[in-house]
Amino acid sequence: MALQNENPTIYESSAPTRAPRETDEDEAFGDLFDAQEIFDLIRNINDPEHPLTLEQLNVTQMRLIDVDDARSHVTVRFTPTIPHCSMATLIGLCIRVRLLRALPPRFKVRVLITEGTHNSEAAVNKQLNDKERVAAALESVSLASVVNQCLSSTLVS
């Protein structure tokens with residue numbers, strides 16, 4: 001299979017993850033989620049086409065993450081490396097699955113392509129935010145295997 005983007009631009013990883021807060025282990029305090037925590041969950045997802053992470057390809061960026069902890073909403077925007085990237089849906093699915101597995105069920109997660117960065121933005125966004133389509137996609141053993149492979153590096157902390 002030929003690569004769509006044979007020579008992607010590689011970016012340096014950003015600053016290390018945030019230091020633990022004093023209240024992180026204290027049961028008296030609720031778990032607060034912020035953009036940094038969400039970014040830390042998705043930054044090391046493997047790109048399905050290259051041996052690089054989504055952060056190294058600048059597909060995920062902390063500035064494109066919105067968290068409303070009080071309303072339990074998380075919105076992640078991601079930027080494909082090329083406007084006709086056929087992997088955009090798979091990348092978005094990996095982000096969605098990672099967050100659904102890691103966040104408490106109280107959160108409503110939205111995964112979107114950054115506006116104006118992909119030729120099929122509306123169609124991909126619709127697929128990624130349709131629970132039935134996501135569930136059906138993950139019923140495919142081969143697709144679930146690819147998603148799990150992309151997520152494998154995120155399990156190491």
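N58 is partly exposed, with a relative accessible area of 25%, and this predicted model places N58 in the loop between helix 1 and strand 1 (65–68). Although N58 is not a glycine, its phi is positive, at about 65°. From that loop residue, let's walk through the rest of the chain, its helices and its one counted cavity.

**Loop residues with positive phi**

- N58 falls between the two limits for burial and exposure: its relative accessible area is 25%, while buried means under 20% and exposed over 50%.
- S72 is another residue other than glycine with a positive phi, here near 60°.
- You will find S72 in the loop between strand 1 and strand 2.
- With a relative accessible area of 11%, S72 is under the 20% limit and therefore counts as buried.

**The chain as a whole**

- The protein chain holds five helices and three strands.
- Read from the N terminus, these elements follow the order α-β-β-α-β-α-α-α.
- Of the 157 residues in the protein chain, 40% are buried.
- Taking contacts between residues at least 6 apart in sequence, 64% join residues at least 24 apart.

**Helix 2**

- Helix 2 covers residues 88–102, and at 1.5 Å a residue its 15 residues should span 21 Å.
- The end C-alpha atoms of helix 2 are 21 Å apart, which agrees with that expectation.
- Because 11 of its 15 residues are buried, helix 2 is largely enclosed by the rest of the structure.
- The buried residues of helix 2 are A88, L90, I91, G92, L93, C94, I95, R96, V97, R98 and L99.
- Those buried residues pack against several helices, namely helix 1 (35–42), helix 3 (121–128), helix 4 (131–139) and helix 5 (141–151).
- The buried residues of helix 2 also pack against two strands, strand 2 (73–78) and strand 3 (108–113).

**Helix 5**

- In helix 5, the buried residues are A144, V147, C150 and L151.
- Seen down the axis of helix 5, these buried residues fall within an arc of 120°, so they line one face of the helix.
- On the other side of helix 5, V141, S142 and Q149 are exposed.
- The partners that the buried residues of helix 5 pack against are helix 2 and helix 4.

**T75 in strand 2**

- T75 sits in strand 2, one of the elements that the buried residues of helix 2 pack against.
- The relative accessible area of T75 is 11%, so T75 is buried.
- Leaving aside residues up to four places away in sequence, T75 touches L64, I65, D66, R110 and L112.
- Of these contacts, L112 and R110 lie within the range of strand 3 (108–113), while I65 and D66 lie within that of strand 1 (65–68).

**The cavity**

- Rolling a probe the size of a water molecule over the atoms shows where empty space is left.
- The count comes to one cavity of 30 Å³ or more.
- The volume of the largest cavity is about 60 Å³.
- There are 10 residues lining the largest cavity, and the closest to its centre are D47, E49, T81, C85 and I91.
- I91, listed among those closest residues, is also one of the buried residues of helix 2.
- Sorted by class, the lining of the largest cavity has five nonpolar, three polar and two charged residues.

Conventions
Residues numbered from 1 in each chain as written. Predicted model: local features only at pLDDT ≥ 70, side-chain atom pairs only at ≥ 80, totals over all residues. Heavy atoms only, no water. Helix = DSSP H or I, 4+ residues; strand = E, 2+ residues; numbered from the N terminus. Expected span 1.5 Å × (residues − 1). Buried < 20%, exposed > 50% of the residue type's maximum accessible area, 1.4 Å probe, protein only. Contact = heavy atoms within 4.5 Å. Arc of directions from axis to C-beta. 1 Å grid on protein atoms, 1.4 Å probe; cavity = no way out; pocket = protein on both sides within 12 Å on 5 of 7 lines; lining within 4 Å. Points joined across faces, edges and corners; volume = space filled by probe spheres on them. Nonpolar A, V, L, I, M, F, W, Y, C, P; charged D, E, K, R; others polar.
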